[in-house]
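My notebook is open and I have a protein to look through. Here is what I looked up, entry by entry.

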Amino acid sequence: MNILSVYLSYAFAYFVIFAVVPFVVVTFVLTCIKFFKHEGDAPLHAKIKNRLFDNESLGFFKALKSLTKGQYEICSHVPLDTVLEMELNETEPHGYLDYVLIDQNSSEIKMIISDFSDVDNASVLPLLQKMNIRLIDMKRDHPFDSQHLSQALAA
């Protein structure tokens, strides 16, 4: 009986060391995490938009894509500061260009189609006109004539 009690005491000691102690340590750590977690972060209530374009804009985008026949890559809603590189003493332009057509072979901007009646875009219009880029002023609420656009692309 003496040996059995020694084996049982060793079994009990190993059970406590390898089962109970890790369980208590894990429970303590998880409790600390729960109580010391920062509660200042508000949950984000956001969802993905159903559509990026309205029907007219998507129709114009498809028509523009078909008119270019793969010669140009079309980027939409391009920030002005990605198109213009300003001097250090100049202020960075703000605003967005509606459509920018980029030549696939040379990766140069060939045409900009945008509403230049915006305050931000109107301030950069003279600068864009000095560069060798074709500009088309298209009001956002008025659809553009596809025949006029195909003539501008051919020029």
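I looked for a bend first and found a kink of about 35° in α1, centred on V16. The bend at a residue is the angle between axes fitted to the seven residues ending there and the seven starting there. I noted that this is a predicted model, where local features need pLDDT of at least 70, side-chain atom pairs count only at pLDDT 80 or more, and totals for chains, interfaces and linings use all residues. Residues are numbered from 1 along each chain as its sequence is written, and side-chain values use heavy atoms, with hydrogens and water left out.

Next, I checked the span of α1, residues 2-36. Its 35 residues should cover 51 Å at 1.5 Å a residue, and the end C-alpha atoms are 49 Å apart, which agrees. The expected span is 1.5 Å times one less than the number of residues.

Then I searched for aromatic pairs (ring centres of Phe, Tyr or the six-membered ring of Trp within 6.5 Å; planes under 30 degrees apart are stacked, over 60 edge-to-face, the rest tilted). The structure holds one. Y14 and F18 are stacked, 6.0 Å centre to centre with 15° between the planes. Why are Y14 and F18 about one helical turn apart? Because they sit four residues apart in helix α1.

Are these two rings' residues buried or exposed (under 20% relative accessible area is buried, over 50% exposed, in between partly exposed; 1.4 Å probe, protein chains only)? I read 48% for Y14, partly exposed, and 61% for F18, exposed.

Last, I noted that 21% of the protein's 155 residues count as buried.

Definitions and conventions: Helices (H or I, at least four residues) and strands (E, at least two) are DSSP runs, numbered from the N terminus.
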